[in-house]
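Got your viewer open? Let's walk through this structure together, one selection at a time.

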Amino acid sequence: MRTKPDLSFWKLWNLSFGFFGVQIAYALQSANVSRIFTTIGADPHDLSYFWILPPLMGLVVQPIVGLMSDRTWNRFGRRLPYLIFGALIAVIVMCLLPNAGSFQFTVQSAILFGIVALMLLDTSINMAMQPFKMLVGDMVNEKQKGLAYSIQSFLCNAGSIVGYIFPILLMWLGMKNVAPQGVVPQTVIWSFYIGAAILLLCVIYSLIKVKEWPPKLYNEYNGIPESGKEKKSSGNIITLLRHAPKTFWTVGLVQFFCWFAFLFLWTYSVNTVAHNAFDTPSMVSYTGISYNGQDYEGKYLIANDTTVIIDHGKKVSDFLTSTTGSFKLTTADIVVKNPDGSLDMEGADSATIGNAADCQFTSKTVLDAATPQFNDAGNWVGLLYAVQALGSVLWAMVLPRFRSRKFSYTLSLLIGAIGFVMTAFVTNQYLLFVAFLFIGCAWAAMLAWPFTILTNSLKGGNIGAYLGLFNCTICIPQIVAALAGGWILTLMSTPGELAPEYLMMLVAGISLAIGSICVFFIKEHNPKDDETPVETPVISEDL
């Protein structure tokens with residue numbers, strides 16, 4: 001096997017530079033998805049279900065990209081074709097997702113549009129992320145891998161910070177941070193547009209600067225025989241899992257509780273901060289009227305052809321208490337008021353109500369997503385995520401200094417658990433910086449030690465496949481958390497009252513603390529690493 005040559009700093013930089021643009025896209029998604037769905041009218045109890053799609057796509061895409069790219073060779077290279085395709089799809093979808101509330105859809109249609117866009121966005125981001133780690137594994141020698149992953153770590157966190165602060169930065173520059181009910185503010189929409197443009201430029205830069213080794217040279221540098229034996233030894237996914245080292249499974253157990261916790265952070269942090277620290281007013285959202293056993297539901301309920309009595313949550317009780325006798329009730333999905341005062345309606349259905357006093361209505365209490373307080377909180381959460389990324393960078397510098405990797409792993413997760421608990425109860429928006437710095441410590445360890453420990457236990461030509469499979473230990477716990485989130489929140493909620501989403505931060509903190517205990521089950525492959533952990537931590541892609 002030939003020894004891989006030393007690469008200059010700028011060649012190492014070029015291998016990972018595209019990560020900067022991909023990470024901006026990921027940061028915009030993770031910080032704004034719940035905000036977007038809340039704005040277009042999603043029920044708080046349903047928010048976690050929308051987050052099933054990102055990890056589900058990662059569960060499907062990452063192993064496939066890992067396996068296929070291990071065996072792909074064409075004129076664009078080995079890994080770059082997947083980067084190109086994934087990034088181009090991401091650019092298109094980033095221009096569509098934040099506009100889910102701007103196309104005059106019904107609430108249900110806008111949510112469905114957002115779900116499809118989110119699915120495509122996360123699929124493409126996953127496809128674009130994976131090649132960068134593999135490029136380092138393919139082309140960088142052992143001596144320089146620490147520096148290469150440090151560069152990737154820097155670009156990853158820099159991209160995160162830029163993506164997180166875009167909305168609040170655009171607000172400071174004078175762009176509108178509020179919009180009509182059901183429409184996403186311009187600060188968020190333009191953040192996605194700018195992020196898409198940067199991602200496209202980063203991909204073009206990568207294609208110009210990165211030249212992968214041809215197959216013969218790659219095989220020589222990585223000790224892979226040119227005969228078909230390597231393909232046979234790779235096997236399928238089931239075979240790879242059967243022969244996976246024990247480290248794969250023990251680290252995966254820790255991963256479960258960590259990523260379970262962070263799914264709740266991304267899902268419920270906006271509403272938690274909006275309620276606790278920004279005093280966002282709540283509103284009673286009416287979902288329908290019942291009369292003589294008949295239910296009437298619609299985005300709009302119109303009385304006597306002129307009075308909109310349910311319009312994105314406006315109170316119907318005032319109308320019912322002030323009206324006597326019969327009236328004509330019309331339900332509609334879309335209502336447009338003309339300059340002459342007449343109404344154009346789509347999906348309309350009419351009925352005659354004999355007595356308003358006999359009507360009953362169903363309602364729920366939610367935060368008013370059209371208020372300045374909610375949108376200020378949404379921007380502030382982006383800033384908090386940037387603080388988390390900064391805390392992650394600083395703590396990542398400290399991690400290699402611990403003599404015991406497992407001790408630093410445990411400590412980091414416990415500090416993060418404290419940060420989650422603080423987020424649940426702190427009402428001062430500036431004190432939340434401390435909470436998210438603590439959460440950043442856990443984030444640094446989650447992105448560093450699992451992949452470092454795993455790659456130390458892997459040998460041969462299946463590294464790409466195993467890294468793809470290992471990302472399932474990131475995706476599966478998020479899927480479980482997304483499925484369980486609505487159920488857990490319902491258990492803690494009182495019907496008709498505002499859902500206590502802040503308590504989900506407490507649940508997340510408990511989960512992270514359990515993960516810290518599970519660290520003790522990890523058996524590292526090379527015992528000497530426990531005595532002198534000198535390498536720079538490996539940073540994983542953020543799914």
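**A helix pair to start with**

Select α2 and α8 and look at how they pass each other: their crossing is left-handed. The contact draws on residues of both helices. On α2, residues 18-39, colour G18, F20, G21, V22, I24, A25, L28, Q29, N32, R35 and I36. On α8, colour T187, V188, S191, F192, G195, I198, L199, C202 and S206. Keep in mind as you go that this is a predicted model.

Now turn the view to follow the two axes, which come within 7 Å and cross at roughly 160°. An angle over 145 degrees counts as roughly antiparallel, so α2 is roughly antiparallel to α8.

**Along α8**

Next, select residues 186-209, which form helix α8. How far apart are its end C-alpha atoms? They lie 34 Å apart, and this agrees with the span expected for 24 residues at 1.5 Å a residue.

Stay on α8 and show its buried residues: T187, V188, I189, S191, F192, G195, A196, L199, C202, V203 and S206. As you step through them, remember that residues three or four places apart on an α-helix point the same way, because there are 3.6 residues a turn.

**Zooming out**

Finally, show the whole chain, with its 20 helices and nine strands. Of its 543 residues, 59% are buried. Switch on the surface: the accessible area is about 22000 Å², and carbon and sulfur atoms account for 63% of that. Among contacts between residues at least 6 apart in sequence, 81% join residues at least 24 apart.

Note on methods:
Residues are numbered from 1 along each chain as its sequence is written. This is a predicted model: local features need pLDDT of at least 70, side-chain atom pairs count only at pLDDT 80 or more; totals for chains, interfaces and linings use all residues. Side-chain values use heavy atoms; hydrogens and water are left out. Helices (H or I, at least four residues) and strands (E, at least two) are DSSP runs, numbered from the N terminus. The expected span of a helix is 1.5 Å times one less than its number of residues. Buried means under 20% relative accessible area, exposed over 50%, partly exposed in between (1.4 Å probe, protein chains only). Contact means heavy atoms within 4.5 Å. Accessible areas come from the Shrake-Rupley method with a 1.4 Å probe; for residues, only the protein chains shown count as cover. Axes are lines fitted to C-alpha atoms, for helices over the stretch in contact, and angles run from 0 to 180 degrees between N-to-C directions. Angles under 35 degrees count as roughly parallel, over 145 as roughly antiparallel, 65 to 115 as roughly perpendicular and the rest as oblique. A crossing is left-handed if the near helix is turned anticlockwise from the far one by less than a right angle, and right-handed if clockwise.
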